[in-house]
Amino acid sequence: MTDNKPDIPRWTLTRYLIEQRRRFPGASGDLNALLLDIALACKAIARIVARGALAEGGPAAGDTNVQGEEQKPLDVLSNQLFLRMNEWSGHLAGLASEEMELPQPIPEAYPRGKYLLVFDPLDGSSNIDVNVAVGSIFSILRAPAELIAGEHELCEADFLQPGAAQVAAGYAIYGPATMLVLTVGEGTVGFTLDPELGEFLLTHPALRVPEQTREFAINSSNSRFWEPPVKRYVDECLAGKVGARGKDFNMRWIASMVAEAHRILMRGGVFLYPRDSKDVSKPGRLRLLYEANPIALLMEQAGGRASTGRQPMLGVVPSSLHQRIPLVFGSRDEVERIERYHHEP
Ligand code: AHG
Ligand code: MN
Ligand code: MN
Ligand code: MN
């Protein structure tokens, strides 16, 4: 790596990807090009987010998305940026996102590639109006051979692959600094955007989630709806050092999962958005394909753990594109404890 002397520039995202690609002699470079297009879309979103209320009008406020959520203008604009900056490249056979009910085929004008991109263009939308960190989350899957061969048209089933099948995953976090956190299967790394250069520079070459923590993140306003194992876990954290855990805990809740995940990658912690009885039609709030799975891969690649509370997240076989799922991730010891509580009689 570099020794950070000013005359020796840090690795750019491009250099990191080229160095990683050297593991696969004869690789086409398609994945690298796709990741650079995604990074460009994130830079375009970062620039708009940074302008806050000064940003030009943008699209009219959206209506309600397939999730039943009121779309913010930036939800719609971020989604359009991801589409327009990726559909033309010839690296993708299709795209899907939180903001689009159906998967988007590649327009006829462009060649069909070998990857699928599924994404949450703006995570933590409720924070955009109050100037709190938001992000974009992405997951890259291999397109089925039949789809690439044109034997069938793009369909929902093409995306219903377990998280372990992801080729790459990452997020951008639009905070005091804009960062890109990424895994291509060789650990989890972080890049910081140098706004003058317009480049993501490698600043965190080996992110690791500490196995232990004293910090938990959960939306406690839902506590009356929680299942017993979650209630037990949180009550023990709140009991502090005089309780079963023998140590005091701290709590955080930002309502931007990307910001929670980033804090946990930086200093440890555990995040829970469990299934609760508030709305039994929804087995949790977060979506499997473009929130839980990419974050789960990043956590596991950094030595953390990600689970539904009952089973490892990356093994879940999706049943639908916008499927919701209970999500627990972060410091290994805490996630394993929560899983034990779910399995005890
Ligand atoms: P999105 O803005 O993409 O719809 O996701 C918001 C998610 C996630 O980022 C966050 O952790 C969670 O919603 C917050 O849920 P509550 O508003 O129930 O706290
Ligand atoms: Mn949303
Ligand atoms: Mn989200
Ligand atoms: Mn979103």
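**Metal site, annotated residues and nonpolar cores**

Leu122 is buried, with a relative accessible area of 1% (buried means under 20% relative accessible area, exposed over 50% and partly exposed in between, with a 1.4 Å probe and protein chains only). The model described here is predicted, so local features need pLDDT of at least 70 and side-chain atom pairs count only at pLDDT 80 or more, while totals for chains, interfaces and linings use all residues. Residues are numbered from 1 along each chain as its sequence is written, chains are lettered from A and ligands numbered from 1 in the order in which they are written, and side-chain values use heavy atoms, leaving out hydrogens and water.

Leu122 lies in strand 3, where helices (H or I, at least four residues) and strands (E, at least two) are DSSP runs numbered from the N terminus. Leaving aside neighbours within four places in sequence, Leu122 is in contact with Ile45, Leu74, Asp75, Ser78, Glu98, Val134 and Gly135; contact means heavy atoms within 4.5 Å. Strand 3 (residues 115-123) is also the place of Asp120, a residue that is buried with a relative accessible area of 0%. With neighbours within four places again left aside, Asp120 is in contact with Glu98, Gly135, Ser136, Ile137, Tyr290 and Glu291.

An unreviewed UniProt entry places the feature "binding site" at Glu98, Asp120 and Leu122. Although these residues are spread over 25 residues of sequence, they cluster in space, the largest C-alpha distance being 8.9 Å. UniProt positions follow the numbering used here, feature names are shortened, and annotations may be inferred rather than shown by experiment.

Glu98 also takes part in metal coordination: together with Glu69, through OE atoms, Glu98 coordinates the manganese ion (ligand 2) at 2.0 Å. The pair links distant parts of the chain, with Glu69 in the loop between helix 2 (30-51) and helix 3 (73-84) and Glu98, 29 residues apart, in the loop between strand 1 (92-97) and strand 2 (104-105). Both glutamates, Glu69 and Glu98, are buried. Donors are N, O and S atoms within 2.8 Å of the metal (3.2 Å for Na, K and Ca); water is not among the atoms, so sites may look incomplete.

Turning to the nonpolar interior, the largest nonpolar core has 43 residues, and Leu35, Ile38, Leu117, Ile140, Leu180, Leu182 and Phe191 touch the most other members. Helix 2 gives the most to this core, with eleven residues. A nonpolar core is a set of buried Ala, Val, Leu, Ile, Met, Phe, Trp, Tyr and Cys residues joined through side-chain atoms within 4.5 Å.
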